[in-house]
Amino acid sequence: MKKTAQIFQALSDETRLRVIKLLEERELCVCELIQVLDMSQPRISRHLSVLKNAGLVDDRREGKWVYYSLCDGNENKAIKTILKTMTLLANDNSAVKKDKKKLKKAVRLSEIERICPRCLQ
């Protein structure tokens, strides 16, 4: 029961719901979330940590970059059901629609760095 409460607590924040909706689109790095949500890196990282600890988000490291994605829910059917329900409920939210438009314009800094490391200086 404690894990279920942790999941719902993680989903009780509007920013974390927006992150979930963005991760529904594709795997993202923190720099993309910063651009879309217009928030600081520590704030975004804190929200991602809450989502990860609740088992809703997975991460993978590639060099110095960390990429986040939605948990596939294969290990926990409750998480899979909750994520599916939450994503359906937020589809018509105006902030979510704006976020998806911003995401199309977001730049993955790790890709820029691969092209030209000096662009980040």
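Glu24 and Lys21 both belong to helix 2, where three residues, or about one turn of the helix, separate them. In this predicted model, the two residues form a salt bridge whose closest N and O atoms are 2.7 Å apart. The partners differ in how they are covered: Glu24 is partly exposed, with a relative accessible area of 32%, whereas Lys21 is buried, with a value of 2%. Lys21 is assigned to the buried class because its relative accessible area is 2%, and buried residues are those under 20%.

The protein that contains this pair has seven helices and three strands. Along the sequence, these elements follow the pattern α-α-β-α-α-β-β-α-α-α. Of the 121 residues in the protein, 40% are buried. The accessible surface amounts to about 7600 Å², and carbon and sulfur atoms account for 51% of that surface. When contacts between residues at least 6 apart in sequence are considered, 63% of them join residues at least 24 apart.

The model contains seven salt bridges in total. Side chains of opposite charge can pair when their charged atoms come close. One of these salt bridges is formed by Arg18 and Asp99, with the closest N and O atoms at a separation of 2.7 Å. This pair links distant parts of the chain, since Arg18 lies in helix 2 (residues 14-25) and Asp99 in helix 6, with their positions 81 residues apart in sequence. Both partners are buried: Arg18 has a relative accessible area of 16%, and Asp99 has one of 2%.

The surroundings of Arg18 were examined further. Apart from neighbours within four places in sequence, Arg18 is in contact with Leu37, Met39, Ala95 and Asp99. Asp99 thus appears both in this list of contacts and as the salt-bridge partner of Arg18. Arg18 is placed in helix 2, the helix that also holds Glu24 and Lys21.

A further salt bridge is found between the side chains of Arg26 and Glu32, at a distance of 2.7 Å from N to O. Arg26 is partly exposed, at 35% relative accessibility, while Glu32 is buried, at 2%. In addition, Glu27, Arg60 and Glu62 are joined into one network by salt bridges that share partners.

Charge was also examined at the surface. A positive surface patch is made up of Lys97, Lys98, Lys101, Lys102, Lys104 and Lys105. Lys98, one of the residues in this patch, is located in helix 6, which spans residues 94-105. Lys98 counts as exposed because its relative accessibility is 56%, and the exposed class begins over 50%. Helix 6 therefore holds an exposed residue, Lys98, as well as the buried residue Asp99, the latter being paired with Arg18 of helix 2.

Terms used
Residues are numbered from 1 along each chain as its sequence is written. This is a predicted model: local features need pLDDT of at least 70, side-chain atom pairs count only at pLDDT 80 or more; totals for chains, interfaces and linings use all residues. Side-chain values use heavy atoms; hydrogens and water are left out. Patches are made of residues with over 30% relative accessible area and no salt bridge: like charges are joined within 9 Å, nonpolar side chains (Val, Leu, Ile, Met, Phe, Trp, Tyr) within 5 Å. Accessible areas come from the Shrake-Rupley method with a 1.4 Å probe; for residues, only the protein chains shown count as cover. A salt bridge is a side-chain nitrogen of Lys or Arg within 4 Å of a carboxyl oxygen of Asp or Glu. Lys and Arg count as positive and Asp and Glu as negative; His and the chain ends are not counted. The place of a charge is taken as NZ of Lys, CZ of Arg, CG of Asp or CD of Glu. Helices (H or I, at least four residues) and strands (E, at least two) are DSSP runs, numbered from the N terminus. Buried means under 20% relative accessible area, exposed over 50%, partly exposed in between (1.4 Å probe, protein chains only). Contact means heavy atoms within 4.5 Å.
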